[in-house]
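Me: Please look closely at a single part of this structure and explain how that part is placed within the whole. I am new to the structure, so please explain the terms as they arise.

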Amino acid sequence: QQRPTVATEHTKRDDAAHQPGLSVRSEPHDSALADVWAWCKENGLRVNKLRPGYSASGRGLHATEDVKRGDVLLQVPAALLFNTRSVRTDQVLGPVLHEAAVSGTCQLNPLATLCFGLIHERALGARSWWRPMLTSFPKPEEMVTAEQFTAQELKCVPWAATLHEEH
């Protein structure tokens with residue numbers, strides 16, 4: 001099954017390119033983004049009016065032409081969704097998670113399940129089917145972390161309380 005993502009409002013193409021000081025590069029500047037984009041398309045991702053690129057706000061998908069209400073921009077097949085279902089149905093992790101849940105040894109919440117799956121896939125390295133996706137993730141030094149904000153700033157984000165402890 002494919003879940004289309006539909007634009008809900010009229011959007012001008014490459015709006016970022018029309019903002020002062022913000023430019024969009026049409027080609028990815030690293031091979032990881034090019035690799036994951038090709039991998040997604042090879043595995044059924046259908047794309048309309050979008051391309052990957054980088055701007056001052058980071059990487060993302062940028063419109064290549066005007067987008068109108070009702071336009072289908074992406075169709076993502078279920079096989080490309082890394083979610084709790086894909087982790088629980090994994091040939092190796094599925095039986096382990098099922099046995100742990102049935103025996104009462106361990107019951108993982110959805111976030112922990114995803115983390116467990118990512119750790120497993122990362123450990124597989126080149127053998128992981130998800131490798132192109134995993135290698136496209138930002139490196140730790142490229143990410144914003146809770147430690148970069150004050151406790152006062154984090155109070156503005158309800159879920160952030162679990163990420164930052166005052167000492």
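Reply: Helices and strands are here DSSP runs, of at least four residues for a helix and at least two for a strand, and they are numbered from the N terminus. In that numbering, H120 belongs to helix α4. The model is a predicted one.

The whole comes before the part. The secondary structure of the protein chain amounts to 6 helices and 5 strands, and along the sequence these follow the pattern β-α-β-β-β-β-α-α-α-α-α. Of the 167 residues in the protein chain, 29% are buried, where buried means under 20% relative accessible area, exposed means over 50%, and partly exposed covers what lies in between.

The part chosen for the close look is K49. Where does K49 lie? K49 sits in the loop between β2 (46-47) and β3 (50-55). The phi angle of K49 is near 65°, which is a positive value in a residue other than glycine. K49 has a relative accessibility of 16% and therefore counts as buried.

Which residue does K49 meet in a salt bridge? The partner is D71, and the two side chains come to 2.7 Å, N to O. K49 lies in the loop between β2 and β3, while D71 lies in the loop between β4 (58-63) and β5 (72-77), so the pair ties together parts that are 22 residues apart in sequence. D71 is buried as well, with a relative accessible area of 16%. A search of the whole structure finds 1 salt bridge.

Charged residues also appear in another setting. R59, R122, R131 and K139 form a positive surface patch. Residues enter such a patch with over 30% relative accessible area and no salt bridge. K139 has a relative accessible area of 44% and is therefore partly exposed. The place of K139 is the loop between α5 (131-136) and α6 (151-154).

R131, one of the patch members, also gives a link to helix α1. V36 is found in helix α1, residues 31-42, and is buried at 12% relative accessible area. V36 and R131 are 95 residues apart in sequence, yet their C-alpha atoms are 8.6 Å apart in space.

Two further pairs help to place the helices. H120, the residue in helix α4, is buried, with a relative accessible area of 16%. The C-alpha atoms of H120 and V87 are 9.4 Å apart, although 33 residues separate the two in sequence. Q107 lies in the loop between α3 (93-103) and α4 (110-124); this residue is exposed, with a relative accessible area of 64%. Q107 and L97 are 10 residues apart along the chain, and 8.0 Å separates their C-alpha atoms.

Are cysteines joined to one another, and if so, how many disulfides are there? A disulfide is a covalent bond between the sulfur atoms of two cysteines. The structure holds 0 disulfides. C40 is buried, with a relative accessible area of 17%, whereas C106 is partly exposed at 34%.

To return to the part under study, K49 is a buried residue in the loop between β2 and β3, and its side chain meets that of D71 in a salt bridge.

Key. Residues are numbered from 1 along each chain as its sequence is written. This is a predicted model: local features need pLDDT of at least 70, side-chain atom pairs count only at pLDDT 80 or more; totals for chains, interfaces and linings use all residues. Side-chain values use heavy atoms; hydrogens and water are left out. Patches are made of residues with over 30% relative accessible area and no salt bridge: like charges are joined within 9 Å, nonpolar side chains (Val, Leu, Ile, Met, Phe, Trp, Tyr) within 5 Å. Accessible areas come from the Shrake-Rupley method with a 1.4 Å probe; for residues, only the protein chains shown count as cover. A salt bridge is a side-chain nitrogen of Lys or Arg within 4 Å of a carboxyl oxygen of Asp or Glu. Lys and Arg count as positive and Asp and Glu as negative; His and the chain ends are not counted. The place of a charge is taken as NZ of Lys, CZ of Arg, CG of Asp or CD of Glu. Buried means under 20% relative accessible area, exposed over 50%, partly exposed in between (1.4 Å probe, protein chains only). A disulfide is a pair of cysteine sulfur atoms within 2.5 Å.
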